[in-house]
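Let's take a relaxed walk through a protein fold. Keep the picture open while you read, and look for each spot as it comes up.

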Amino acid sequence: MHILLKTLFYVAVTGSITSSIYCGMVLVAAVRFGLRRRREINEPTDFLPPISVMKPLHGTEPGMERNLETFFEQDYPDFELLFCARQETDEGLQLARKVGARFPWVNAKYETCGEPMPKFHNAKVYSLAKLDSVAKNDDYITADADVRVQPDYLRRMVQNLKDPHVGLASCVYLGTAHEGAGLASKLDAVGKSVEMTSGVLVADMIEGTKFALGATMATRRKSFQAVGGFDELGQFYADDFVLGNRLAAQGTGVQLATHVIRLMVQDSPFWLSFRNQLRWMQSTRRSRPWGHLGSGLTFAVPFGLVGLVWGLASGHVALGFAWLFAMVVNRWLQAGSILIVMGDPGWWRGTLIYPMRDFLGWMLWVGSYGGENFYYRGKVYKLKEGGRVESPE
C-alpha cells in the first residue's frame, strides 16, 4: 500500500509540474499571438492578386448553407469559387449550386471528380486535384465545407502570400457548436478551439511553423507540386500536416496566419463525437509519434484526479481536493487566455467547461494507442507509419 501511495503521489506531482509548465508556455504564446494579431489587423490589405478558392464537398450537414453563403459574400475584387464533389447528384454540390444562384455576380464553377482511384484514399485531396486542373489562377485558398468566415476572410488570408518566399499559410479556428447542441459537441468545439490552438501556438513559438492546418489554407499551385503532387498527398490521412511539413523541410516559408475562422461542429451523440475525435488523435500519433507521446504530459485534470485519489487514500483529503482544484484552475487559465486572444465573445462559457474537455482529451490520447484501424464514411481503414492510409479490408 505504501509503494502504491508513493507511486500515485509522484505520478500526480510529475504531471502537475509538466502541465503547469505547459500552461505557462501557452500563456506566453497566447500573448505573443495576440500582439501579432492586433498589429496585423491594422495593416493595409493591399495585396490582392486573383485567387481560386477551392471547396471539396461530400454531402450536406446542418448549417452548411450558411457556411457556403459566407464564401459568396467575400469583399474581394477578383476570385473564383470552385466546388467539387464525387458525383453530380451529391447533395452538397446541389446545395452549392442553389446558394450560387443567389449570387450570380460571383464567378462560381461546379465540378465532379468521380470516385477516388485505388491507393488514393484521401477523397478530399482527390477533389483538390480536380479543382487544380480547372483553376485559372496560381494562388489558392482551400477551405473545408464546415468552415464559416467573415467578408474580409479572403483579403486577410491572401496577405500571407505577399512574401514570395511563403508557400503556405493556415490559421487556427474557433470550434463552434450549433445553437442547442449537446454537451458532447460543445466539448468537441472547445477542444478544437483551445487544445488544438494551444499546441499550435506553442509549437510556432518554439520552432516556427512546420505544419499546416487543413481547415483553410492560403497556398500556391507550385506548393502542391513541390511535395510530390496530389497523388502523393492522397496517400495520407493528415495531408495538411504532410504538405506543411515537407514544404518547411525544403526551406519554403510556412506561416501561421493571425486571421481566425469558425469551424462549425455538428451536434452528435457522445459515442460518434468520441469516435471522430479519436480518428484525428490516431492520425496525429502516426504523423508526429514523439510529439504525440509527449503531449500526454500536457493534460492537467487527470493528474489532479490522481492527486485527489492519493489524498483520499493517504488521509490528506483537503490536500487532495486542493490539488484537483489547482489543476482545474490551470485549465481555466489556459482556455481563457486562448479564447480571449482569438476573439471569442463567449469565451467564459468555453473556459468554464474546458476542464472536462481536458480529461476527455486525455482519454482520447490514451485511446489513440489502441490500434491502427479507424472508421470513416462507412469503411474501415488502417493508419500506418508516417500517417499513410491502407486500403480497407
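What follows is a short tour of helix packing, charged pairs and buried residues in a predicted model.

**Helices side by side**

Two packed helices are described by the angle between their axes and the distance between the axes. Take helix α12 (residues 301-314) and helix α13 (residues 317-341): they pack at an angle of about 175 degrees, and their axes are 7 Å apart. Angles over 145 degrees count as roughly antiparallel, so that is the label for α12 and α13. On the α12 side, the residues in contact include F303, L308 and W310, and they meet α13 residues, among them F321, W323 and M327. Sort the residues of this contact by type and you get 12 nonpolar, 4 polar and 1 charged.

Now try helix α6 (residues 183-207) with helix α14 (residues 347-367). Here the angle is about 90 degrees, with the axes 9 Å apart, so these two are roughly perpendicular to each other. Among the residues making the contact are K186, D188 and E195 of α6, along with Y354 and R357 of α14. This time the split is 8 nonpolar, 3 polar and 4 charged.

**Charges that pair up**

Side chains of opposite charge can pair when their charged atoms come close. How many salt bridges turn up in a search of the whole structure? The search finds 20, and here are three of them.

| Salt bridge | Closest N to O distance |
|---|---|
| R32 and D204 | 3.0 Å |
| R155 and D75 | 3.5 Å |
| E80 and K109 | 3.5 Å |

R32 sits in helix α1 (residues 2-41) and D204 in helix α6, 172 residues apart. R32 is partly exposed, at 40% relative accessible area, whereas D204 counts as buried at 13%.

R155 is in helix α5 (residues 153-158), and its partner D75 is in the loop between α2 and β2, 80 residues apart. R155 is buried at 18%, while D75 is partly exposed at 45%.

E80 belongs to strand β2 and K109 to strand β3, so this pair ties together parts that are 29 residues apart in sequence. E80 is buried, with 0% relative accessibility, and K109 is partly exposed at 28%.

Salt bridges with shared partners also link E65, R66, E69, E73 and R102 into one network.

**Tucked away**

Helix α2 (residues 64-72) is mostly covered, with 7 of its 9 residues buried. E69 is one of those buried residues, as are F71 and F72.

Finally, find D239 in helix α9. Which side chain of opposite charge is nearest to D239? It's K124, 4.7 Å away, and D239 is buried without a salt bridge. D239 does touch N122, V125 and L233, leaving aside residues up to four places away in sequence.

Definitions and conventions:
Residues are numbered from 1 along each chain as its sequence is written. This is a predicted model: local features need pLDDT of at least 70, side-chain atom pairs count only at pLDDT 80 or more; totals for chains, interfaces and linings use all residues. Side-chain values use heavy atoms; hydrogens and water are left out. Axes are lines fitted to C-alpha atoms, for helices over the stretch in contact, and angles run from 0 to 180 degrees between N-to-C directions. Helices (H or I, at least four residues) and strands (E, at least two) are DSSP runs, numbered from the N terminus. Angles under 35 degrees count as roughly parallel, over 145 as roughly antiparallel, 65 to 115 as roughly perpendicular and the rest as oblique. Contact means heavy atoms within 4.5 Å. Ala, Val, Leu, Ile, Met, Phe, Trp, Tyr, Cys and Pro count as nonpolar, Asp, Glu, Lys and Arg as charged, and the others, Gly among them, as polar. Buried means under 20% relative accessible area, exposed over 50%, partly exposed in between (1.4 Å probe, protein chains only). Lys and Arg count as positive and Asp and Glu as negative; His and the chain ends are not counted. A salt bridge is a side-chain nitrogen of Lys or Arg within 4 Å of a carboxyl oxygen of Asp or Glu.
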